[in-house]
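Visitor: I would like a close look at a single part of this model, set in the context of the whole chain. Could you take me through one buried polar site with some care?

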Amino acid sequence: QVQLVESGGGLVQPGGSLRLSCAASGIIFSIADMGWYRQAPGKERELVAVIRSSGSTNYADSVKGRFTISRDNAKNTVYLRMDGLKPEDTAIYYCYANILLRDYWGQGTQVTVSS
């Protein structure tokens with residue numbers, strides 16, 4: 001059974017930082033493409049960042065230079081380091097895995113950026 005469990009969300013002031021973690025089980029993590037999506041109230045879910053099994057990365061334009069995605073294959077974990085957070089980054093952040101053309105999702109973790 002595939003499980004993706006996110007952690008690290010919370011309330012942070014504008015300009016602050018958070019690091020999200022997603023622990024994966026039930027998949028061969030090293031060959032999975034991993035990513036983070038987010039969904040703000042009243043908006044569609046959008047891609048934030050992806051890191052492929054090769055290690056290559058892509059980011060949404062809105063987070064380039066502020067967010068960093070990384071992975072630790074030994075720990076079956078993907079991370080999202082978020083710096084310079086803005087109120088518009090407020091959303092539920094979902095971990096995502098694609099392996100052998102199948103998609104898997106975590107339950108999400110809330111990130112709120114507010115003073």
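Guide: Helices and strands are taken here as DSSP runs, with at least four residues for a helix (H or I) and at least two for a strand (E), numbered from the N terminus. On that basis the chain, which is a predicted model, comes to 0 helices and 11 strands, so that from the N terminus on its elements read β-β-β-β-β-β-β-β-β-β-β. The radius of gyration is 13 Å, close to the 13 Å that the globule rule gives for 115 residues, and the chain is therefore as compact as a globular protein of that length. Along its principal axes, the C-alpha trace spans about 40 × 25 × 25 Å.

Some further totals give the setting for the site. Buried residues make up 42% of the 115 residues, and of the contacts with a separation of 6 or more, 53% are accounted for by residues 24 or more positions apart. The chain exposes about 6200 Å², of which carbon and sulfur atoms supply 47%. As for charge, there are 12 positive and 10 negative side chains, and the centres of the two sets lie 3 Å apart.

The part I would choose is R66, which is found in the loop between β6 (57–59) and β7 (67–72). With a relative accessible area of 13%, R66 falls under the 20% limit and therefore counts as buried. Leaving aside neighbours within four places in sequence, R66 is in contact with the run R81, M82, D83, G84, L85 and K86, and also with D89. With the last of these residues there is a polar contact as well, since the side chain of R66 meets the side chain of D89 at 2.8 Å.

A second site, N98, may be set beside it. N98 has its place in strand β9 (residues 91–99), and a relative accessible area of 19%, again under the 20% limit, is why N98 too is classed as buried. Not counting residues up to four places away in sequence, N98 touches A32, D33 and D103. The side chain of N98 makes a polar contact with the side chain of D103, at 2.6 Å. N98 can also be placed relative to A24, from which N98 is 74 residues apart in sequence and 12 Å apart in space, C-alpha to C-alpha.

To return to the part in question, R66 is a buried loop residue whose side chain makes a polar contact with that of D89.

Definitions and conventions. Residues are numbered from 1 along each chain as its sequence is written. This is a predicted model: local features need pLDDT of at least 70, side-chain atom pairs count only at pLDDT 80 or more; totals for chains, interfaces and linings use all residues. Side-chain values use heavy atoms; hydrogens and water are left out. The radius of gyration is taken over C-alpha atoms; the globule rule is 2.2 Å times the number of residues to the power 0.38. Buried means under 20% relative accessible area, exposed over 50%, partly exposed in between (1.4 Å probe, protein chains only). Contact means heavy atoms within 4.5 Å. Accessible areas come from the Shrake-Rupley method with a 1.4 Å probe; for residues, only the protein chains shown count as cover. Lys and Arg count as positive and Asp and Glu as negative; His and the chain ends are not counted. The place of a charge is taken as NZ of Lys, CZ of Arg, CG of Asp or CD of Glu. A polar contact is a pair of N or O atoms within 3.5 Å; within protein, one must be able to donate a hydrogen and the other to accept it, and residues adjacent in sequence count only if both atoms are side-chain atoms.
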